[in-house]
Amino acid sequence: GFANSTVWLIVTAFLIARGFISTGLGKRIAYIFIRAFGRKTLGLAYSVVATELILAPATPSNTARSGGVIYPIVRSLSLTFGSEPGETARKIGAFLMTMEYQATVITSAMFMTSMAPNPLVAELAKKTANISISWGMWALAAIVPGMISLIIVPLILYKIYPPEIKATPQAAEMAKNELEKMGPMKRTEKVMLFVFILILALWATSEWNKIDATVVALMGVSIMLLTGVIRWDDVLAEKGAWDALFWFGGLVMMASYLNQLGFMKWFATTVGNSLAGWMWISALIILMLVYFYSHYGFASTTAHVTAMFPAFLAVAVAVKAPPYLAALTFGFFSALNAGITHYGTGPAPIYFNAGYLDQKTWWKLGLIISFVNIVIWIGIGFPWWKVLGLW
């Protein structure tokens, strides 16, 4: 498992994410969007969403992306408008905190490298159903429902949980001042931007260039080391990367042997027999909903994927559901289901513990947005994946 290329893709993507944070490029991108579109509250929300979307493909730790880069900015914006936990929370802070967390849940589903368990999903799909999901296939399948979710979810939150402040000229001014403090782009930022564009281009065209995604990521990290964007000490200090190596290396090995020893086949046959006579589409949707809302019992997306993805995919294939359709939907739902609780994934405790929303409100809004995402990713995703020839 520790020699698995997918495991090393996760490790190297963590190191690329460190470059965004250490160079300040992530913050600069956020402030550029806020300066351009942040004069209205809804525009400010979409500026944060745009930052999420730009950073997501190369930051597999949504905790680093959302908690490390974007949370301090959202917090500063809230305080700029006098919105603090308690009586003034609804001015703008509660809306921004909820909106950003739901946005990071959506972007986590959109790219294979936007959340650590996503490459594990692809690896488990290969071992369980013998199907290969590339970075480009994942991104292409997710782009349409993902973009629609990113447009609709902030709008719905703006309607059902509206901020009191609707105009935010101070936000654009604050972003302008912060950019002036940062000064012109440093050499390390320019190199980081080049690396980011290079790896995205190679990942997106992997069907043609035939370069393995992990090799591309290693190339990016090598360039960052050789040019001084990150140092070897940074590599050693990236605990998230090495933690992921040990966890995922062991998990991939165990998943391989569960499949080789016949457990998955036995489980799929046993559960599949109880669904005998069902149309595959009905059985698949039931399985998807159970998979989605079972996340109430998990505080980790990795734990959820490890415990349930192979088994549910095996059952879906056993009832004759198209393998790619089932694997991709379970994969996307593995990220989207984190939006329902205040402990569903890494950034959740960060935003909840800011104190702008109570648990009842957080769970209620999370449940409503979960309905919206399910409708979009099934209602629009299924036809889109049919167009792509995935089922």
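This briefing walks through salt bridges, helix packing, a surface patch and a few individual residues. The model is a predicted one. A search of the whole structure turns up eight salt bridges, and E189 takes part in one with R28 and in another with K186. Two helix pairs are covered as well: helix 6 with helix 16, and helix 2 with helix 3.

**Salt bridges around E189**

- E189 pairs with R28, and their closest N and O atoms sit 2.6 Å apart.
- E189 belongs to helix 9 (residues 187–204) and R28 to helix 2, so this bridge ties together parts that are 161 residues apart in sequence.
- Both partners, E189 and R28, are buried.
- For E189 the relative accessible area is 0%, and since the cut-off for buried is under 20%, that label is an easy call.
- K186 also bridges to E189, with 3.2 Å between the closest N and O atoms.
- Unlike buried E189, K186 is partly exposed, at 39% relative accessible area.

**Salt bridges around D234**

- D234 and R231 form a salt bridge too, with the closest N and O atoms 3.8 Å apart; the cut-off for a salt bridge is 4 Å.
- D234 is buried, with a relative accessible area of 12%, whereas R231 is exposed at 53%.
- This pair is part of a network: salt bridges with shared partners join R18, R231, D234 and E238.

**Helix packing**

- As a quick reminder, a packed pair of helices is described by the angle between the axes and the distance between them.
- Helix 6 (residues 117–129) packs with helix 16 (residues 301–318) at about 30 degrees, and their axes are 10 Å apart.
- Angles under 35 degrees count as roughly parallel, so helix 6 and helix 16 get that description.
- Helix 2 (residues 25–37) packs with helix 3 (residues 41–55) at about 150 degrees, and here the axes are 8 Å apart.
- With the roughly antiparallel class starting over 145 degrees, helix 2 and helix 3 are therefore roughly antiparallel to each other.
- The crossing is right-handed for helix 6 and helix 16, and right-handed for helix 2 and helix 3.
- Helix 2 ties back to the salt bridges, because it holds R28, the partner of E189 in helix 9.

**A nonpolar surface patch**

- M253, M254, Y257 and L261 make up a nonpolar patch on the surface, and together they have about 440 Å² of accessible area.
- One of them, M253, sits in helix 13 (residues 239–260).
- M253 is partly exposed, with 37% relative accessible area; patch members need over 30%.

**Two lysines with positive phi**

- Most residues other than glycine have a negative phi, so a couple of lysines are worth a look.
- K210 has a positive phi, near 60 degrees, and lies in the loop between helix 10 (206–209) and helix 11 (213–226).
- K320 has a positive phi as well, near 75 degrees, and lies in the loop between helix 16 and helix 17 (323–336).
- K210 counts as exposed at 67% relative accessibility, and K320 counts as exposed at 67%.

**A buried tryptophan in helix 7**

- W138 is in helix 7 (residues 135–160) and is buried, with a relative accessible area of 1%.
- From W138 to I156 is 18 residues in sequence and 26 Å in space, C-alpha to C-alpha.

Note on methods
Residues are numbered from 1 along each chain as its sequence is written. This is a predicted model: local features need pLDDT of at least 70, side-chain atom pairs count only at pLDDT 80 or more; totals for chains, interfaces and linings use all residues. Side-chain values use heavy atoms; hydrogens and water are left out. Patches are made of residues with over 30% relative accessible area and no salt bridge: like charges are joined within 9 Å, nonpolar side chains (Val, Leu, Ile, Met, Phe, Trp, Tyr) within 5 Å. Accessible areas come from the Shrake-Rupley method with a 1.4 Å probe; for residues, only the protein chains shown count as cover. A salt bridge is a side-chain nitrogen of Lys or Arg within 4 Å of a carboxyl oxygen of Asp or Glu. Helices (H or I, at least four residues) and strands (E, at least two) are DSSP runs, numbered from the N terminus. Buried means under 20% relative accessible area, exposed over 50%, partly exposed in between (1.4 Å probe, protein chains only). Axes are lines fitted to C-alpha atoms, for helices over the stretch in contact, and angles run from 0 to 180 degrees between N-to-C directions. Angles under 35 degrees count as roughly parallel, over 145 as roughly antiparallel, 65 to 115 as roughly perpendicular and the rest as oblique. A crossing is left-handed if the near helix is turned anticlockwise from the far one by less than a right angle, and right-handed if clockwise.
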